Amino acid sequence: MTPTTTYSTYTESDALQVQMQGAVEGTSTGLALMAADPLNGWGWVPTNLLDGLLLAGSILYGMNAGIFFIFSVCIMPSLGSISNEGGIKTMQVINDVIQNAWFLAVWGGGFFQGVALLAVLLRRNQRKLSKCIYWKYGLISALCYIGGCTFVTILANVPRNDALAAMDAGSSEAASYWREEYLTKWVSWNHVRTAFCLVACILSTMAFRLTRNSPAAVSSKSDHQLAQP
């Protein structure tokens with residue numbers, strides 16, 4: 001009897017389909033596990049109010065740091081390199097345009113987030129955790145943004161913006177103010193608020209990650225695991 005040879009019809013396309021199906025099933029399983037137990041899932045998923053505030057702080061502080069950083073390293077050096085009148089007119093326009101809903105939401109949002117974070121951290125049930133490093137990082141991050149960004153902007157940058165806006169860009173008075181006050185002191189204070197925003201962003205991010213190892217988080221994780229069949 002002549003043996004029958006069986007040829008496989010399993011092609012590269014079939015292999016690719018099997019691999020894709022496995023990847024989808026694996027992803028779905030991973031998402032389900034993370035939904036069931038966020039503490040064992042993606043580290044950036046907030047699980048409570050404190051986590052949410054710290055994550056919001058990381059985003060808002062970082063966005064503000066980026067906005068002010070670009071002024072320090074690009075916009076102001078560029079305006080300082082052109083004529084006084086041209087630089088003044090351009091800055092006057094920038095100061096008008098930047099007062100829009102998007103910027104105010106990011107800048108003001110950081111302030112209200114910081115106030116809310118302080119309120120949460122200083123509650124009685126959180127003060128008992130004041131020895132935890134995440135508590136200290138979260139507290140300092142909020143203070144850095146409120147003091148180093150919000151107050152600096154209101155007390156140092158905005159008054160100089162208002163003074164520049166009231167001047168005739170082509171006048172000698174405006175040129176003198178631009179060179180001797182705005183391109184020196186305004187820019188210096190912008191460096192300050194940039195640095196404070198950056199520090200606040202780093203500390204808020206570190207605090208957010210460290211809350212995973214806090215007594216409350218460990219207790220919650222243990223209770224969740226014990227509750228599983």
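**Helix H3, its two partners and some aromatic pairs**

At 25% relative accessibility, phenylalanine 111 falls between the cut-offs of 20% and 50%, so phenylalanine 111 counts as partly exposed. Keep in mind that this is a predicted model. Below is a quick tour of the aromatic pairs, followed by how helix H3 packs against helices H7 and H6.

**Aromatic pairs**

- The count of aromatic pairs comes to five.
- One of them joins phenylalanine 111 and phenylalanine 112, with 5.3 Å from centre to centre and 70 degrees between the planes, which makes the pair edge-to-face.
- Phenylalanine 112 has 60% relative accessibility, so this residue counts as exposed.
- Tryptophan 178 and tyrosine 182 make a stacked pair, because their planes sit at 20 degrees, with ring centres 5.4 Å apart.
- Those two residues are four apart in helix H7, so about one helical turn separates tryptophan 178 from tyrosine 182.
- Tryptophan 178 comes out at 0% relative accessibility and therefore counts as buried; tyrosine 182, also at 0%, is buried too.
- Trp178 and Tyr182 belong to one aromatic cluster together with Phe71 and Trp186.

**H3 against H7**

- Helix H3 covers residues 84-97 and helix H7 covers residues 172-210; they pack at an angle of about 60 degrees, and their axes are 10 Å apart.
- That angle is under the 65 degrees where roughly perpendicular begins, so H3 and H7 are oblique to each other.
- The H3 and H7 crossing is left-handed.
- On the H3 side, the contact uses Asn84, Gly87, Ile88, Met91 and Asn95, while H7 brings in Ala174, Ala175, Trp178, Arg179, Tyr182 and Trp186.
- Sorted by class, this contact has seven nonpolar residues, three polar ones and one charged.
- Trp178, Tyr182 and Trp186 thus turn up in the H7 side of the contact as well as in the aromatic cluster.

**H3 against H6**

- Helix H6 spans residues 133-165; the axes of H3 and H6 come within 10 Å and cross at roughly 120 degrees.
- Roughly perpendicular stops at 115 degrees, so H3 and H6 are oblique to each other.
- This crossing of H3 and H6 is left-handed.
- H3 supplies Ile88, Met91, Gln92 and Asn95, which meet Asn161, Leu164 and Ala165 of H6.
- By class, the H3 and H6 contact holds four nonpolar and three polar residues, with no charged ones.
- Ile88, Met91 and Asn95 of H3 appear in the contact with H7 and also in the contact with H6.

Notes. Residues are numbered from 1 along each chain as its sequence is written. This is a predicted model: local features need pLDDT of at least 70, side-chain atom pairs count only at pLDDT 80 or more; totals for chains, interfaces and linings use all residues. Side-chain values use heavy atoms; hydrogens and water are left out. Axes are lines fitted to C-alpha atoms, for helices over the stretch in contact, and angles run from 0 to 180 degrees between N-to-C directions. Angles under 35 degrees count as roughly parallel, over 145 as roughly antiparallel, 65 to 115 as roughly perpendicular and the rest as oblique. A crossing is left-handed if the near helix is turned anticlockwise from the far one by less than a right angle, and right-handed if clockwise. Contact means heavy atoms within 4.5 Å. Ala, Val, Leu, Ile, Met, Phe, Trp, Tyr, Cys and Pro count as nonpolar, Asp, Glu, Lys and Arg as charged, and the others, Gly among them, as polar. Rings of Phe, Tyr and Trp (its six-membered ring) pair if their centres lie within 6.5 Å; planes under 30 degrees apart count as stacked, over 60 as edge-to-face and the rest as tilted. Buried means under 20% relative accessible area, exposed over 50%, partly exposed in between (1.4 Å probe, protein chains only).
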